[in-house]
Protein chains: 2
Amino acid sequence: MPSEEVAVVVEEEFQQVVTPWEVSSKNGEKINYDKIIHQFGCQRLDKSLIDRVQRLTSRPPHVFLRRGVFFAHRDLNEILDAYENGDMFYLYTGRGPSSDSLHIGHLIPFMFTKYLQDAFKVPVVIQLTDDEKFMWKDNLSVEKSKELARENAKDIIACGFNISRTFIFSDFDYVGGKFRENSLRIGKCVTLNKVASIFGLKGEDHIGKVSFPPVQAAPSFPSSFPHLFENHQNLRCLIPCAIDQDPYFRMTRDVAPKIGYNKPSLIESTFFPALQGESGKMSASDPNSAIYVNDTAKSIRNKIYHYAFSGGQDSIENHHKFGANLEVDIPIKYLGFFLEDDEELEHIRREYGAGRMLTGEVKNRLIEVLTEIVERHRRARAAVTDEMVDAFMAVRPLPNMFR
Amino acid sequence: MPSEEVAVVVEEEFQQVVTPWEVSSKNGEKINYDKIIHQFGCQRLDKSLIDRVQRLTSRPPHVFLRRGVFFAHRDLNEILDAYENGDMFYLYTGRGPSSDSLHIGHLIPFMFTKYLQDAFKVPVVIQLTDDEKFMWKDNLSVEKSKELARENAKDIIACGFNISRTFIFSDFDYVGGKFRENSLRIGKCVTLNKVASIFGLKGEDHIGKVSFPPVQAAPSFPSSFPHLFENHQNLRCLIPCAIDQDPYFRMTRDVAPKIGYNKPSLIESTFFPALQGESGKMSASDPNSAIYVNDTAKSIRNKIYHYAFSGGQDSIENHHKFGANLEVDIPIKYLGFFLEDDEELEHIRREYGAGRMLTGEVKNRLIEVLTEIVERHRRARAAVTDEMVDAFMAVRPLPNMFR
């Protein structure tokens, strides 16, 4: 079974591989997002669209929009056109529950989706792909995967989603009925060659991997959620996600018109870089590559001091002389994600880049910022009871979902 | 993706192809069941096993057992060993709802399963694979496939199943929860190469076809039916089916120990021959190749007279001289399935084979037998109400399923 098309093009032409399971570049180079946009065929999220979001929502655009964390899209303009004409939409995002604790990079799509939910006053469906994780991980049982999904749901709820506009579901618990009908309609339109090429699957892979993509595609269509959207069968869907999920939704968009559905729109983020540098995603297998949402203040301090890759020079003299290399500096990157004050960030960039501010000072500011985020998350998560998880995951109508 | 192993072996070595979608032999030769047993690796159902069934159930073995219609098995002896020691089992059979009307060959597994249900006093689960049919047929909608499943359920119920021991389910309606968990457990153990080889799939086939085999496998495990078998997690499963379904259950039996389950046992039938002769199965695309359960008496008479392939000689003189060739004679084959009186059948075989009885007389007797079966079925089906279908398909416990 050939797995050429996308995967090989990526590797040979672009010297980088981006699939839902692998993000890497040759020679440790930075991921080139312009090339990804070109290769995937999505569009750059430009200032005019961000201005339009600001105008339509009457609130300042999220820091992730202003700073280009969400940098690409597919047909976001169509969602905004429809919204401007009084048509609503819904948001769909998700998570593969892979470990008990999330790192701060995992929070990005959820923080951003919560902002979109509040700004546009629209419903959100959040898919926990416990079935996918069970199938991909050799030693993960169904039961453990479902348990992880529930734990992860607590972290997601802690991001502040509005329960009257949010449905969280575990694939193991929810997939059936209309949802499964849609996933089979989708599967009927995708050949083995196609899925092998999009996802880089081989003949020795198990068939569970082939069966999953339609399950991730199905929430893009409102009829998969009869308890929510029975009277909104033409509702458009906007999917905030990291760019590595794009292959799933390219497939979904390809299939949609064949089965009489709207194509979902996407708004896509860069990867959150590892502490060690920006050549890939953080790795759960290396705890020192990431800040986890349950790290202690001491652990955060320790990781940032010891592992956050610095663009500062190797001596104070050289630093004063040449300034920091902001292009590779991880503390500056992280502040770009999480320091909300644009002026302060610009000040730090200027001073640090000119060598007037030292790495230690920048790291200290980052430690403050991250510690606050992690502490806030920890408090919010501690307040999430099992009853709240049950409530968010209950299969129920959301009567006020557009208000 | 290579699809060599089984499919190619069949074609080249045995000059016949037997998969769930194709049954054919080269040069129009009869299907060679000894070769199938050898090729599939199942066992011949011998007289000692039939005697044992008779002894354990205290009733004469079904005509389909006595006449070798059910001719092969896998581990039937283990089911009987367990039963003899007081352990129960359950029966699992199914049907892909492909058209509004069944032909009499379709009734065979159901008539036999009903006999086993009554004889052993065990529960039956009957899977209607409306999802499979939707995926295989280009122009079949989900809705139409579900409708056909319900129509077919009426024919199945008309075979006389005991509602207190029978659960009929449509995949579209039922697959989810524990059932889906099992199908994913199964899928995780089967490679793409394996499924392509077993079922002869190619890269240009759609992924729905790859996703289905675990759905047909899942009912082999009691935990797929928590409402029935929550307290019977180690219950053994016996699957009565036509031999062309063996590839599904070879796969299932291969996977079972890997996921901690008992292998299902099988009891497998020959194909019911087409009116035109014994080189294959009947075809829904040629209405004159089969007797349908809604054929009129006139239509049955017409089909048998005009289309039932005769082993009689081309003139009365030659017939008296050489006798009929019983090996190719379809009326004799059909009587072998449906004429219950062993002595009468033996009489007809002897007289017809010796040329003392004419084709017309044999056909007349067959017309009587089939008309009675079809009339009986028609009456029984007419009495099946929508409420009864709902009742058989209700997801419910079966409190008296072993009595």
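Mentor: Two strands pair if DSSP finds at least two bridges between them. Keep that handy, and remember that this is a predicted model.

Trainee: Okay, confidence first: what pLDDT does chain A average?
Mentor: For the model as a whole, ipTM is 0.90 and pTM is 0.91. In chain A, 91% of the residues score at least 70. The chain A average for pLDDT is 91.

Trainee: And over which residues of chain A does pLDDT stay under 50?
Mentor: It's a stretch for which the model still has 35 contacts beyond four places in sequence. Where pLDDT is low, though, the predicted coordinates should not be read in detail. The stretch to treat that way in chain A is residues 1-14.

Trainee: Let's go to the strands. Is strand β4 of chain A largely enclosed or open?
Mentor: Count its residues: β4 runs over 70-74, and 5 of the 5 are buried. Buried here means under 20% relative accessible area. So the rest of the structure leaves β4 of chain A largely enclosed.

Trainee: Which residue is the bridge partner of A:Gln43 in β4(A)?
Mentor: Strand β3 of chain A, residues 43-44, pairs with β4(A) in the antiparallel sense over 2 bridges. A:Gln43 is in that β3 range, and its bridge partner in β4(A) is A:His73.

Trainee: What about β9(A): which residue there stands opposite A:Arg74?
Mentor: β9 of chain A covers residues 265-269 and pairs with β4(A) over 4 bridges, again antiparallel. The β9(A) residue opposite A:Arg74 is A:Leu266.

Trainee: Switching to chain B, which are the edge strands of the open sheet?
Mentor: The sheet has 7 strands in the order β3-β4-β9-β8-β5-β6-β7, with mixed pairing. An edge strand pairs on one side only, and here those are β3 (43-44) and β7 (166-170).

Trainee: In which sense do β6 and β7 of chain B pair, parallel or antiparallel?
Mentor: β6 of chain B spans residues 124-128 and shares 5 bridges with β7(B). One bridge joins B:Leu128 to B:Ser170 in β7(B). The sense of the β6-β7 pairing is parallel.

Trainee: Now a charged one. How far is B:Arg396 from the nearest side chain of opposite charge?
Mentor: B:Arg396 is in the segment after α21 of chain B, and is buried without a salt bridge. Its side chain does have a polar atom 3.0 Å from the backbone oxygen of B:Phe392, and one 2.9 Å from the backbone oxygen of B:Ala394. Its contacts beyond four places in sequence include B:Phe167, B:His227 and B:Ala391. The nearest opposite charge belongs to B:Asp390, at a distance of 10 Å.

Trainee: Which residues of α15(A) are buried?
Mentor: Helix α15 of chain A, residues 246-255, is mostly covered, with 9 of its 10 residues buried. The buried ones are A:Asp246, A:Pro247, A:Tyr248, A:Phe249, A:Arg250, A:Met251, A:Thr252, A:Arg253 and A:Val255.

Trainee: A:Ser58 has a positive phi; is the residue buried or exposed?
Mentor: A:Ser58 isn't a glycine, yet its phi is about 55°. It's found in the loop between α3 and α4 of chain A. Its relative accessibility is 67%, so A:Ser58 counts as exposed.

Trainee: How many residues apart are A:Lys146 and A:Asp173?
Mentor: They form a salt bridge, with the closest N and O atoms 3.6 Å apart. A:Lys146 is in helix α8 of chain A and A:Asp173 in helix α9, and their separation in sequence is 27 residues.

Trainee: And how far apart in sequence are the parts tied together by A:Arg150 and A:Asp386?
Mentor: Their side chains meet in a salt bridge at 3.4 Å, N to O. A:Arg150 lies in α8 of chain A and A:Asp386 in α21, so the pair ties together parts separated by 236 residues.

Trainee: Last one: is B:Arg52 buried or exposed?
Mentor: B:Arg52 forms a salt bridge with B:Asp81, the closest N and O atoms being 2.7 Å apart. The pair links helix α3 of chain B, home of B:Arg52, to helix α5, home of B:Asp81. B:Asp81 is partly exposed at 35% relative accessible area. B:Arg52 has 15%, under the 20% limit, so B:Arg52 is buried.

How values were computed: Residues numbered from 1 in each chain as written. Chains lettered and ligands numbered in written order. Predicted model: local features only at pLDDT ≥ 70, side-chain atom pairs only at ≥ 80, totals over all residues. Heavy atoms only, no water. pLDDT = per-residue confidence, 0-100. Contact = heavy atoms within 4.5 Å. Buried < 20%, exposed > 50% of the residue type's maximum accessible area, 1.4 Å probe, protein only. Lys, Arg positive; Asp, Glu negative; His and termini not counted. Salt bridge = Lys/Arg side-chain N within 4 Å of Asp/Glu carboxyl O. Polar contact = N/O pair within 3.5 Å; in protein donor to acceptor, adjacent residues only side chain to side chain.
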